[in-house]
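Dear colleague,

Please find below the structure that I am handing over to you. My notes on what was found in it follow directly after.

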Amino acid sequence: MGQYASRGYYDHERKIHSEAYGTGVYDEDAPKILRKLAKHWGLKEPSIRWYSNWGSGSASSWKNELRLSHNPSMGLVIHEFAHLLHAKARGSSSLHSDNKHVKELSEALFRIQNRGTSHHGLHFDVVLNRVHVYAKSKGYWKPQLDKWQTKREEDIRKKKDEKAKEFVAKAYPHLREVVAEKIEKTKAEIEKKEAAKARYAKKLQYYQKLYGTKTKKANRSIAALKRALSRYEAQSQENVEGM
Ligand SMILES: [Zn+2]
């Protein structure tokens with residue numbers, strides 16, 4: 001943040017803008033957030049120099065560069081960007097800026113009599129609050145951060161899948177041929193079974209017809225035999241009565 005502010009200043013800022021300080025930003029997303037901020041105020045997109053994990057940062061307006069610790073909070077990114085915007089807006093040329101947001105901000109700053117000399121005076125607070133109001137209106141880009149995170153996870157998953165495939169291909173160089181062979185073999189087996197099924201259907205038809213005829217013949221014989229049987233039985237009854 002800069003070496004001029006007291007501990008109390010930061011604590012105060014963190015309390016007021018707790019949402020921003022509670023929102024983590026991945027290193028690769030920080031330039032995207034800065035691009036959005038710079039575009040809004042018509043600033044040139046600053047470059048980033050990464051260092052350590054101390055949760056601190058600094059800004060160089062003449063280099064148009066921010067120093068940020070890795071995985072910064074949204075609050076830190078905004079704070080350091082506010083320094084660049086502050087540097088731009090306090091210049092008298094900014095009163096005639098093409099960017100209406102910068103122009104309006106400059107007019108507000110020039111109305112403040114006691115600008116203070118430190119980096120974190122009343123002057124800076126005005127700028128910082130403007131940046132927060134804008135960022136907050138965009139929900140601190142939380143949904144966007146989530147989308148980027150989802151995409152990042154998808155990319156990682158895809159990469160893992162590709163690596164796994166590569167590993168298998170390397171470990172089993174003939175796997176492709178083995179699988180291709182299995183496919184061919186299975187297809188041939190299916191074809192064989194289909195042909196057998198067609199043969200069975202034909203046989204079924206033939207035997208259905210054959211045994212259908214046999215059954216009809218048997219039925220006719222049974223009927224004839226039953227008629228004969230009842231005749232014989234009648235005859236035997238007559239003979240008994242005639243004796
Ligand atoms: Zn600072």
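May I begin with a helix of this predicted model? Helix α6 covers residues 122-137, which is 16 residues, and it reaches 23 Å from its first C-alpha to its last. That span is close to the 22 Å expected at 1.5 Å a residue.

Which residues of α6 are buried? They are H123, F124, V127, L128, R130, V131, H132 and A135. An α-helix has 3.6 residues a turn, so residues three or four places apart point the same way. In this helix, F124, V127, L128 and V131 are among the buried residues. The buried residues of α6 pack against four other helices: α2 (18-21), α3 (30-40), α4 (74-89) and α5 (100-111). After α6 comes G139, which has a positive phi near 65 degrees.

The next part concerns two strands. Strand β2, residues 57-60, has side chains that alternate along its length. G57 and A59 point to one face and are buried, whereas S58 and S60 point to the other face and are not buried. β2 pairs with strand β3 (residues 65-69) in the antiparallel sense, over 4 bridges. Within this pairing, G57 of β2 stands opposite L68 in β3. The hairpin that β2 and β3 form has 4 residues between the strands, and N64 in this hairpin takes a positive phi near 50 degrees.

Finally, I turn to the chain as a whole. The domain assignment gives domain 1 (7-158) and domain 2 (172-243). The C-alpha centres of domain 1 and domain 2 lie 88 Å apart.

Yours sincerely

How values were computed: Residues numbered from 1 in each chain as written. Predicted model: local features only at pLDDT ≥ 70, side-chain atom pairs only at ≥ 80, totals over all residues. Domains from an automatic or database assignment. Expected span 1.5 Å × (residues − 1). Buried ≥ 20, exposed ≤ 12 C-beta atoms within 10 Å, placed from the backbone. Contact = placed C-beta atoms within 7 Å. Pairing = 2+ DSSP bridges.
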